[in-house]
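Biologist: I'd like to learn how the labels on a structure get decided. Can you show me one and let me quiz you?

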Amino acid sequence: MKSALTRLKPRLRHPDHYQVVQSLKAAAAAIIAWALTGWWLAAPMALMAPWAAVALVQGTVYRSVRTAVQLVLMISTGTLLAAAAAALTGNTMIAMVIVLPLTALLGNVAPVGGQGLYASTTALFVLAYGSYSGPAVGHRLLETLVGAAVGVAVNAVVLPPVHSHHVGGLAAALPRDSARLLRDIAEGLEDYDTPRAQQWHQSAKDLLAALSELYVGRGWDSESFRLNPGHRLRRWTPAPSTDWDPVWARVANRLLALTLTLWEAASEDRGLPRPPVSALDELGRVLSAAAEACEACRSIMVDGAGDGEGQDRRNAALAEAFRALAAVKDQLNGRGPDAGAALGSLVADCQALLDDLTPNEGDAGVLQPRG
């Protein structure tokens, strides 16, 4: 599975500003660490410093600091265990037999994530190069500390990463994509077929997947401000309030249920009759107005609660949707049990959808989503 951060960013074949900056920072950290240890300190194994520096230019400053502690602990443990085993046995092969199982086990059970690998790889370096004397061990630990300090410092001082912009884009995409799906369903209701209904259902599933990405993104957004000395100096746009997330979660689930009913009504394998054309026409009006309400919600989310135009637009759209829904409910009378099953299910889903998009009573002046 892709990491959370990878899912937030475009693919590497289309690098964005964030990826370019982080890549250049990692390269600069490695060069600085190499210069300090290999050129200035004349360390015998200066590779450890740039290796650590590159690994510690993380997606957030907090993650850099946390990873630095884990990495230094694992490298130190691997170095000391390998040096001790080599000194006691006097044989590289026997020392490997003793140390590698221990370091591999430690790396798997210690709560250090992917940094556990460094215990075994460092032990291998120490034994393979025969650098396990007292001075050599001291140099190795010093090089690691220098690399860790450089990596964390570069990530914290040079354009420290902030992920609010990406979270804002993910949040704003939910009402936009919900409106797009609602409008597509409204336009195709009268003569839709099974493949198109299946496509609508898949789009509703995509909304839930996008919501999961938003939850992950909010975690990165919150973390990017921890231990970040430069976030007040960076220009950033606050993401829409988390109060809206449950609203779009419910909307996505309503659309999932609604599109499933439409799909089953269009399938010949199911015994669910398709609703009459007159009812589908009124349902199209409901969904079209609901799409307008979703777009108004997006305007309110992005522009803030003081957007009176967005509130008026939303209220008008919801009023139109409820009028159309009342006309659909009138057509439920006199329907047979089978014919009324699909239409009744669609009416229930639409009613719940409109309720989710309706502000709470008493919230005059400030439009808030239902909690």
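Modeller: Sure! One term to begin with: contact means heavy atoms within 4.5 Å. And keep in mind that this is a predicted model.

Biologist: Got it. Which residues is Leu357 in contact with, leaving aside its neighbours within four places in sequence?

Modeller: Trp248, Val251, Ala290, Ala293, Cys294, Cys297, Arg314 and Leu318. Leu357 also turns up with Trp248 in the largest nonpolar core, which has 54 residues: these two have the most contacts inside it.

Biologist: Which helices supply at least two residues each of this core?

Modeller: Helix H8 (164-188), helix H9 (194-223), H10, helix H11 (277-303), helix H12 (308-330) and helix H13 (337-357). H11 gives the most, with 13 residues. There's also a second, separate core of 15 residues, and Ala52, Met74, Ala110 and Val112 are among them.

Biologist: Back to H10 for a moment. Why is Arg250 called partly exposed?

Modeller: Its relative accessible area is 23%. Buried means under 20% and exposed means over 50%, so with 23% Arg250 lands in between and is called partly exposed. Arg250 is found in helix H10 (residues 245-266). From Arg250 to Leu357 is 107 residues in sequence, but 9.5 Å in space, C-alpha to C-alpha.

Biologist: Now the rings. What makes Trp51 and Phe125 an edge-to-face pair?

Modeller: A pair of aromatic rings is described by the distance of the centres and the angle of the planes. Rings pair if their centres lie within 6.5 Å, and planes over 60 degrees apart count as edge-to-face. Trp51 and Phe125 are 5.6 Å centre to centre with 90° between the planes, so they pass on both counts.

Biologist: How do you know that this pair links distant parts of the chain?

Modeller: Trp51 sits in helix H3 (residues 48-55) and Phe125 in helix H6 (residues 117-129), 74 residues apart. Both belong to one aromatic cluster, together with Tyr118 and Tyr129.

Biologist: And why is the pair of Tyr192 and Trp200 called tilted?

Modeller: The angle between their planes is 40°, and their centres are 5.4 Å apart. Stacked needs under 30 degrees and edge-to-face needs over 60, so 40° makes this pair tilted.

Biologist: Are those two rings buried or exposed?

Modeller: Buried! Tyr192 has a relative accessible area of 2% and Trp200 has 1%. The cut-off for buried is under 20%, so Tyr192 meets it and so does Trp200. Trp51, on the other hand, is partly exposed at 26%.

Notes
Residues numbered from 1 in each chain as written. Predicted model: local features only at pLDDT ≥ 70, side-chain atom pairs only at ≥ 80, totals over all residues. Heavy atoms only, no water. Helix = DSSP H or I, 4+ residues; strand = E, 2+ residues; numbered from the N terminus. Buried < 20%, exposed > 50% of the residue type's maximum accessible area, 1.4 Å probe, protein only. Core = buried A, V, L, I, M, F, W, Y, C linked by side-chain atoms within 4.5 Å. Phe/Tyr/Trp six-rings, centres within 6.5 Å; stacked < 30°, edge-to-face > 60°.
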